[in-house]
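Trainee: Could you walk me through reading a few features of a protein model?

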Amino acid sequence: MAYNFISCSPDGSSLPRHDLRGWLPPQHLCWQVLKVVGELDLSEFLRGYRADGQGAAAYPPQVLLSLVLYCYCKGVPSSRRIEAACLDDVGCRIITGNQHIDHATVARFLRRHREGLKTLFVQVLALCAQRGLVDLSAVAVDGSPMQAAAACSTNRSLHALEKTMIADGEAEIDQLTGDIDDPAAAEDSTRHTATGSCLRRLSRLGDRVTRARVARDKLHERALPSAGEIRIKVEAAERMVARAAQRLAKVTAAQQQRLADYARRTLQDQAAGRRRANGRPPVAIEAKTKVVRQQARLARAQAALHRARYPRPIPSAAARASLTDPASRLMLGKHGGYVQGYNVQIACSRNQVLLAIELHDNPSDTTALVPVIRRVQHNCATAGLTSDVAGWLAGSGYASTANFTALADLPLLVSLAKEYDQTRATRLPSHDVPAGHRDMAARLASTEGKQLYARRGALVEPGFAQLFQRFGRRLHHCGTSDVDAEIKLLGVVHNLNKIFRHDARRKTA
């Protein structure tokens, strides 16, 4: 048996006497997309279809993927505009074999194959590597906000979520449920109308309370320290517990020695005929003030260790979460003001070939450097790029002692000043550079460091410019998983255009 797919062949087999291959010249974008999709491994997509020929016929995943990539390459990310393009765009009609694919089918395909779309990024990166487009002599990292599919006005504080929306909403739901189940109104002539209105109101309230709970949970999740912060706090608490235990053992041993000495003197005095030993008898260990004090200190240290291992998130009063898209954050916009969006991180090599494009759940770039570099290393290894990156370049927003320590084995250059000062300064920064930054400052002040770091802007800044020029700064999906798949798709299309231009230049040459 085989897959039960709808025929969408460009040779017009589904429509007699209509050969679509002559509609457009061989160098057109649609033929390039079809050629590249033919080189991709689509097993992740095919896994979601039945291979026994049963069930309703579906569109082949390679056709839908080609349609999406073709429209995205032309700057058309909307599923409704893709549906419209299937009617009046010749390239779309060739890809679909003159079939009219509706927007719901496109949207379901994107939602159903989120994980498959993410794997395409590495596959396209491997195609770039095969064509010699990936140059690892320098890789630049940068981040920029992209506007989420939510407005700033949808943000609510923790108090508003718990008191105004969740508690009051649950109380109103209970009241409406009681009104619907009230037997006294069973014979009321307007009962059916009132019940329908109550059910609609219940549906809206239920959706609102659910979204408020998700936003509240997101605030508590953000209040949790990161894994690195937890590890640092646990290590510090363990040292405190070890010191407290050592002090307790020391004072306990000293008191036990006093008790043993007193018992020995008592036996000696009794053997000498005295009634008791000289001196006041020492108190019991459990009553000794120093021992009790050290036991209390050890108990406090153990409690602090437990809190460090199992932190209880307490969001600040200023924390806000969006009801529309709780995963998005309120962050500074590139042109002033604030936007509700995501912090998108990219890593570019020469000619703005993307080696990674990732989401970072923090408006600040500081903690994004290590995850992005690790992702680049993973993508390159998976794509078959075995050579190491000769230089990692990042702006001043990534400067931190923790990053320098975690990436000490890499040839990393992170600016400690503004871009203009870094590339044109003639001497080392002033003596107030933190101790953890001095090695990086000396590396940047060298002639080789200046020459290498001067390439950062030309590597990564045009990458964002090209993305935003084609797709804009606004995302169309909500939720971390959906948005991650969306930006991966943008990265796939970005690198595909590099491949198309390279192939066109090679044919011309």
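Mentor: Sure, we'll go through some helices and loops in turn. Keep in mind that this is a predicted model.

Trainee: Let's start with helix H6. Which of the residues in H6 are buried?

Mentor: Start with the general idea: an α-helix has 3.6 residues a turn, so residues three or four places apart point the same way. Now the case here: the buried ones in H6 are Thr105, Val106, Phe109 and Leu110. Looking down the axis of H6, you find its buried residues within an arc of 130°, so they line one face of the helix.

Trainee: What do the buried residues of H6 pack against?

Mentor: Their partners are helix H2 (43-46), helix H3 (61-73), helix H4 (79-88), helix H7 (114-130) and H18.

Trainee: And what caps the N-terminal end of H6?

Mentor: Aspartate 102 does that job, with a side-chain oxygen 3.1 Å from the backbone nitrogen of alanine 104.

Trainee: Moving to the loop between H5 and H6, is threonine 96 buried or exposed?

Mentor: For this one you need the cut-off: buried means under 20% relative accessible area. Threonine 96 has a relative accessible area of 0%, so it is buried. It sits in the loop between helix H5 (90-95) and helix H6 (103-112). Its side chain reaches the backbone oxygen of cysteine 92 at 2.9 Å. Leaving aside residues up to four places away in sequence, threonine 96 touches Cys8, Val63, Leu67, Cys86 and Ile101.

Trainee: Which phi value does asparagine 98 have?

Mentor: A positive one, about 70°, although asparagine 98 is not a glycine. This residue is also in the loop between H5 and H6, and at 21% relative accessibility it counts as partly exposed. Asparagine 351 has a positive phi too, about 65°, and is not a glycine either. You'll find asparagine 351 in the loop between strand S5 (338-348) and strand S6 (354-360). With a relative accessible area of 46%, asparagine 351 is partly exposed.

Trainee: Last one: how do I read a helix pair, and at what angle do H17 and H18 cross?

Mentor: The general idea is to check the angle between the axes: 65 to 115 degrees counts as roughly perpendicular. The axes of H17 (residues 456-471) and H18 (residues 480-508) cross at roughly 105° and come within 11 Å. H17 and H18 are therefore roughly perpendicular to each other. On the H17 side, the contact is made by Gly463, Gln466, Leu467, Arg470 and Phe471, while H18 brings Leu490, Val493, His494, Asn497 and Lys498. By type, the residues of this contact are four nonpolar, four polar and two charged.

How values were computed. Residues numbered from 1 in each chain as written. Predicted model: local features only at pLDDT ≥ 70, side-chain atom pairs only at ≥ 80, totals over all residues. Heavy atoms only, no water. Axes fitted to C-alpha atoms, helices over the stretch in contact; angles between N-to-C directions. Helix = DSSP H or I, 4+ residues; strand = E, 2+ residues; numbered from the N terminus. Parallel < 35°, antiparallel > 145°, perpendicular 65-115°, else oblique. Contact = heavy atoms within 4.5 Å. Nonpolar A, V, L, I, M, F, W, Y, C, P; charged D, E, K, R; others polar. Buried < 20%, exposed > 50% of the residue type's maximum accessible area, 1.4 Å probe, protein only. Polar contact = N/O pair within 3.5 Å; in protein donor to acceptor, adjacent residues only side chain to side chain. Arc of directions from axis to C-beta.
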